[in-house]
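Reader: Hey, I've just opened this one and could use a quick tour. Can you walk me through it?
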Amino acid sequence: MEINRRQFFGIAGTMAGGALACKPKKTQAARTLKAPPDPYGCLMDITACVGCRKCEEACNRVNNLPPPQVSFDDPRPLERKRRPVVTAYTVVNRYHTGKRDQRNQLIPTFVKVQCMHCQDPGCVSACIVGALTKKDNGAVHYDASKCIGCRYCMVACPFQIPAYDYHDPLTPKVHKSTFCYHLIIKEGGKPACAVICPVEAITFGKRRQLLGLARQKIKNDPGRYLDRIYGEHEVGGTSWLYISGEPFEKLGFLDLPTRPIPHLTETIQHGMFRYMWAPLSLFAVLGGFMWTFNRKQITGDSEPERKEGSI
Amino acid sequence: MSAHAKPAPIEFKFWTPGVMVMVAFMVTGLPFVIARYVGGLAAVTNLDNTHPWGLWIGIDVATGVALAAGGFTTAALAHIFGKHQYEAVTRPALLTAMLGYTLVALGLAIDVGRTWALWHPIIYWQPDSVLFEVAMCVIIYLHILYIEFIPIVVERLKGKISLPGPLGSFNNTIEALLELADRILGKVMWLFIIAGVVLSCMHQSGLGSLMLIAPTKLHPLWYTPILPLLFLTSAITVGYPMVVFETTVATSSLRLDGEMDVLTPLTRITIFLLGIYMCLKMGDMVVRGTYVYLLDGTAQSKAFLVEMLVGVIIPWLMLISPRVRRSRRALFIACTLIVLGVVLNRVNVFLVGFQPPYAEKAYFPAIGEMAVTAALIAGLMFIYRVCVTYLPVLSSRPQEVSS
Ligand code: SF4
Ligand code: SF4
């Protein structure tokens with residue numbers, strides 16, 4: 001028994017229709033930036049940082065992290081390019097970009113790395129249970145009691161920040177900078193790293209004002225700074241901002257798009273599931289087909305049919 | 001065309017060497033699962049902060065879902081489009097889907113850090129998350145598959161309930177319950193069948209959207225806005241070849257009649273579906289101009305070429321020939337290639353094409369990950385074997401001695 005042509009194209013057409021029904025409509029692509037209107041942020045002046053690792057120490061203390069293998073006073077860890085890990089939410093890395101001082105010595109440049117607390121974060125959009133949330137004060141906050149440990153947030157983070165307790169068999173957590181959420185919700189509270197920095201390389205304040213401050217600094221001393229604020233536009237903007245005298249690409253910064261990371265997935269998701277139109281219409285179309293085809297079978301065939309259900 | 005017998009339990013020695021091998025694999029995987037729950041994921045996997053997803057997500061979950069697509073595609077064909085001649089393959093396909101999704105759930109349970117919290121998405125909704133959508137669809141669909149399977153169990157048990165000793169007094173009650181279940185299910189099954197197809201379309205495409213959250217990490221050869229559509233088309237495409245694959249394996253290892261009268265016409269649809277998939281893949285490559293990466297000699301470009309050639313183009317060319325479609329062996333090879341192509345595609349999207357920044361080394365699965373994956377697949381085959389032995393799933397009859 002072969003399927004005849006007409007039926008064949010009938011099936012094919014419907015499959016294609018189904019596929020189309022699962023495609024987002026371009027017209028519904030409007031996705032509003034979900035960033036909080038007036039968040040806090042930190043402005044990091046890379047030209048000021050001396051690489052003393054005091055911020056690492058403060059971060060360790062305020063988050064009750066285990067004592068480090070090498071003391072925070074020891075500069076040796078700077079020899080490696082490190083990343084934030086479960087035992088250290090922030091790390092300082094040293095770069096030699098080739099710039100030399102008057103005595104022809106290479107000048108080191110130090111960069112502090114931590115969660116950027118994105119304005120429209122990939123990790124928050126990805127999290128299956130909403131364990132990660134963007135707070136109005138700018139912090140991207142992690143609630144371990146909801147987390148299931150799927151690690152999709154780690155796939156989503158464009159800065160490669162979240163670290164995972166791979167050694168914990170039952171209650172592993174995602175670890176990343178907290179923005180000292182418990183401190184900054186209080187009036188006048190600041191992140192520990194911003195407080196401790198001896199050379200005031202980190203300024204804490206409203207993001208909007210920090211952007212103004214950064215522009216001011218660049219304008220006042222164009223010889224010292226490049227005309228770029230990293231974090232102003234990257235992936236839709238971040239709460240942490242950096243200004244530098246050296247090209248960011250040479251300092252381990254990624255070249256990222258300005259579009260927020262969740263843009264495409266959320267456009268597709270919400271395009272398809274608005275009022276559940278796509279699943280419901282597919283259901284209706286298939287129901288129609290089922291009725292049509294099976295009725296034909298029942299009335300046209302002599303063979304007695306058991307109803308649907310005869311799987 | 002030969003008339004098909006009704007599905008029935010098969011009569012074949014259970015403890016064959018093949019079954020022993022399955023058990024051996026299952027036993028090998030067990031210590032690694034225990035190690036995972038003693039020493040954490042680090043004890044058995046090569047996952048790290050830059051590679052949070054590995055073999056268990058790429059194979060057990062993503063590929064498992066894709067290869068279980070035969071369940072909804074055959075259900076759609078036989079029950080929605082009224083092609084009742086294919087009913088012979090709907091039961092085995094349904095069984096594979098049910099076991100496949102169970103495997104997906106188990107694989108996921110082992111992979112997530114907090115196994116005991118796996119149910120959280122049911123109460124903590126996060127509709128922005130693609131993973132949430134996929135999880136919800138899979139949870140519901142898994143239950144639908146179980147419901148669709150009930151009539152098969154009922155058919156086997158009806159009229160045969162005789163509990164021993166004092167429990168015997170419940171016999172009639174249970175019979176009545178079975179009867180009731182059968183009657184109710186017979187009336188509402190159409191709802192579940194359509195819902196199953198809809199949910200499948202949703203999460204098969206949803207799986208494709210998953211990696212779209214990583215525009216800067218997934219290699220451009222695979223990162224495309226139509227990735228969900230590609231995943232859906234390839235899942236629909238692989239459905240029938242997968243049925244051919246498993247029917248051939250099952251019927252030849254159990255020495256049953258090969259069901260070529262059903263399989264040959266089934267693969268004619270595949271020519272069309274695989275053709276669409278091929279056009280979409282190539283069209284997408286041309287539109288986005290990603291062919292520039294094709295010959296740059298990286299592992300990614302090679303993986304892409306192999307995926308396309310071995311998994312799509314060669315089997316498509318094979319299937320066009322009627323001789324291939326009529327030959328049991330050639331058809332089996334072509335269908336195996338298509339299945340392999342989808343496996344490669346999922347592995348490429350989730351593992352090979354995933355290039356995180358700051359990675360210190362590339363990811364390659366650890367022995368433990370492979371052992372657990374092998375154990376899960378062996379477990380699936382083992383339960384399949386148990387089910388076809390005791391339940392009316394397969395319709396084909398033992399081969400004639402002369403054939
Ligand atoms: S840097 Fe990564 S972890 Fe931090 S908010 Fe952005 S996406 Fe989330
Ligand atoms: S690992 Fe936890 S925080 Fe990260 S996406 Fe999964 S549930 Fe959310």
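Author: Sure, one term to begin with: a salt bridge is a side-chain nitrogen of Lys or Arg within 4 Å of a carboxyl oxygen of Asp or Glu.

Reader: OK, so how many salt bridges are there across the interface of chain A and chain B?
Author: The rule finds two across that interface. D111(B) forms a salt bridge with R151(A), and their closest N and O atoms are 2.9 Å apart.

Reader: Anything I should know about the model and the numbering?
Author: It's a predicted model, where local features need pLDDT of at least 70, side-chain atom pairs count only at pLDDT 80 or more, and totals for chains, interfaces and linings use all residues. Residues are numbered from 1 along each chain as its sequence is written, chains are lettered from A and ligands numbered from 1 in the order in which they are written, and side-chain values use heavy atoms, with hydrogens and water left out.

Reader: Back to the chains: how many residues are in contact?
Author: 83 residues of chain A are in contact with 86 residues of chain B, contact being heavy atoms within 4.5 Å.

Reader: And what area is buried between them?
Author: About 7500 Å², with carbon and sulfur atoms giving 65%. That is the accessible area (1.4 Å probe) that two parts lose on being put together, summed over both.

Reader: Switching topic, which residues are closest to ligand 2?
Author: C127(A), C147(A), C150(A), R151(A) and C153(A) are the closest of the 14 residues that surround ligand 2; a residue counts if one of its heavy atoms lies within 4 Å.
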